[in-house]
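I opened a new page for this structure. My plan is to look up cysteines, one helix, and some backbone oddities.

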Amino acid sequence: MLKARIIIDKERTVGEIDKRIYGSFIEHLGRAVYGGIYEPAHPHADDRGFRKDVLELVRELDVPIVRYPGGNFVSAFRWEDSVGPVAQRPKRLDVVWHAVEPNEIGVNEFAEWAKRAGSEVMMVLNLGSRGIDAARSLLEYCNHPSGTYWSDLRVSHGIKEPHDFKVWGLGNEMDGPWQIGHKGAEEYGRLANEVGKSMKLFDPTLELVACGSSNRRMPTFPQWEATVLDFCYDQVDYVSPHSYYGNETDDLPTYLAQSLGMDEFITAVANACDFVKAKKRSRKTINLSFDEWNVWFHTAHDNSVRSPWTVGPPRLEDIYTFEDALAVGCLMITLLRHADRVKIACLAQLVNVIAPIMTENGGPAWRQTIFYPFLHASRYGRGVALDVLVESPVYDNKEFGEVPYLESVATYDEGSGQVTIFAVNRSQDDPVLLECDLRSQTDPHVVEHVTLEHENAKATNTKENPDNVAPRTISGAKVENGTLTTRLPALSWNVIRIGVRP
Ligand code: AHR
C-alpha cells in the first residue's frame, strides 16, 4: 500500500472557481448537431426537434457555457446562411469536415437549445474566410435590441429579444496551417485587435477570446501568444490554449502523466500573457479560456477521412475507456489547480464527437466513461480552489520525470459548507492510503467518498452495457482528530466530500 498526505487549509486559496471552467463545445461536425442535440424524428424529440434525452444528460453535467459553432468549421461559416426561414436556407458543402451542412440548426436554434440546456453561448467568429464586417453584423444581429438593419432582421425571424451573448471567440486555431484562412501571428493579432475594437465600441462589457496556440508542440508556441497579444492586448480578455491527449503507444504511466504537460502549458501561456502585460506596463491581466481540451486519439485518423457528402456523417466518435476517464480526471484537477488564471474551459466536445455523451440515431443516449469525472467536478468543484500541499510517492517517467502517484486538488464551497477532495491514484498495482490534515476546518465529517474504478483499464460503456463503468460510494473514510483517512483503490478517480462548519 502506498501512503500519501494532503494538507488542506481553507485560508490558502488558489482563487475563485469561475463556473465557466465547466464549459463544453458543440461544433457542426459529425453527429454533434445532426443526430446529437437535434433529431426531429427521434421519439424523444421536443417541439423544436431537440433530443430531450440528450438535454437531460447535458443538464445533469451542469454546463454553464457552450462554445459554438466551431472549431475548424467556423473558419468557413457564413452565419447568414443559418438564420431565417429554414426552407429558404442554403445547403452548403462543409469542406472542413467533408459533409453537407443543411443549416437547419443555426444561430437562433442553437441559442434556444442552450437556453433549454441551462447554458450560456460562447459565439465564435469566422476570422478565417471572413473578417470585421461579418463579425460586426453578427454581433448586431444577436445583441442589438431592434431598430437597425441586422437587429430588425432577427426580429423578423421571430426572435424579439436580443440573445445578448457576452463571450465571443475571435476565430479558431488561427495558428494552425490546417485552418481555413490560417494566419501568421502579426496578421492575426492585428485582425483580432480591429475586430475586438469594433465589438467593444458596440459594448465594452463583452468578453473577447483571442486564439492561443493549438497545442504546446506548435512551432510558433509561445511566441504566437506574445506577438498576438502585443497587437490586441487592450481589446481582449482571454487567450485560448487548446490541447488533446491520448494513449497512442499504450503506455498507461506516460498517458496518465500527460496532465503534467497541461500544467506546464497553462503556466507558460499565463507567463506569455504576463510578459506582454509587463512590456505594456498594463494593469490589466489576460486570463485563459482553455476552450478545447479532452482525450482524443481513438479516432485521430478521422481528421482526414473523406466520407461521401452527407448530413451528419459519424466522425471523431471516440469510444472512451476507463483509463481515459482517469486521464480526464487528472486534466480536470489540473484546470482546477489553475483556477486563478483559467476562467473558462470547454471540454471538447459534448455529444457524439469526442464527447462524454453518446447517442444512436433513433436509439438511446448514454454516458461515456469520461462523463463522470467531469460531472463530479462540475457538481462539487464550486467555490474556491484550495492550494493544497500534496506529499506523494512518485514514479519515474522518461517523458515527465518524477510523477506523483497521487494527483489531487481540493475545493471549498461556502454555500454547501463542503470541502471536496478530487484525487486520482495513478498506480496500477497499489491502493493509496490517504491521510489528510484538515487543520483549519471546524467539525469536519465525511459526507461521502465516491470512486470510479474498474478491473479492466480498457473497459467502456456501450449502448448494450451503459453502466459498465460507473461511480459508486465506498465506505471506510473517517475523520479523527482533524485528520481524514481513506483508501484510494489502485487506478481510481475519487471524490471525497467533507462537511465543515463555517
Ligand atoms: O474538436 C475537434 C477539432 O479540433 C476542432 O474543430 C478544432 O478546433 C481542433 O483542432
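Is C273 buried or exposed? I looked it up in this model, which is predicted. C273 is buried, and its relative accessible area is 0%.

**Cysteines**

I searched the whole structure for disulfides and got zero. I then checked C211. Its closest cysteine sulfur belongs to C232, and the two sulfurs are 9.5 Å apart, too far for a bond. The cut-off for a disulfide is 2.5 Å. C273 is in no disulfide either. For C273, the nearest cysteine sulfur is that of C232, 9.9 Å away. I also looked up the burial of C211. At 1% relative accessibility, C211 counts as buried.

**Helix α8**

C273 took me to helix α8, which covers residues 258-279. I wanted to test its length. With 22 residues at 1.5 Å a residue, α8 should span 32 Å. Its end C-alpha atoms are 32 Å apart, so the expected span and the model agree.

Next I asked which residues of α8 are buried. The list opens with a run: Q258, S259, L260, G261 and M262. It goes on with F265, I266, V269, A270, A272, C273 and V276. I kept a general rule beside this list. An α-helix has 3.6 residues a turn, so residues three or four places apart point the same way.

I also looked past the end of the helix. R281 follows α8, and its phi is positive, near 50°.

**Cis peptide bonds**

Where did I find cis bonds? One joins F221 and P222, with omega about 0°. P222 sits in the loop between β9 (207-211) and α6 (223-232). C211 falls within the residue range given for β9.

Another cis bond runs from A348 to Q349, and its omega is near 0°. Q349 is in the loop between β13 (342-348) and β14 (357-359).

**Positive phi**

I went on to residues with positive phi that are not glycine. L316 has a phi near 50°. Its place is in the loop between β12 (287-295) and α9 (322-337). Is L316 buried or exposed? L316 is buried, with a relative accessible area of 1%.

N352 is not a glycine, yet its phi is positive, about 65°. I placed N352 in the loop between β13 and β14, where I had also put Q349. N352 counts as buried, at 0% relative accessibility. The cut-off for buried is under 20%.

Technical notes: Residues are numbered from 1 along each chain as its sequence is written. This is a predicted model: local features need pLDDT of at least 70, side-chain atom pairs count only at pLDDT 80 or more; totals for chains, interfaces and linings use all residues. Side-chain values use heavy atoms; hydrogens and water are left out. Buried means under 20% relative accessible area, exposed over 50%, partly exposed in between (1.4 Å probe, protein chains only). Helices (H or I, at least four residues) and strands (E, at least two) are DSSP runs, numbered from the N terminus. The expected span of a helix is 1.5 Å times one less than its number of residues.
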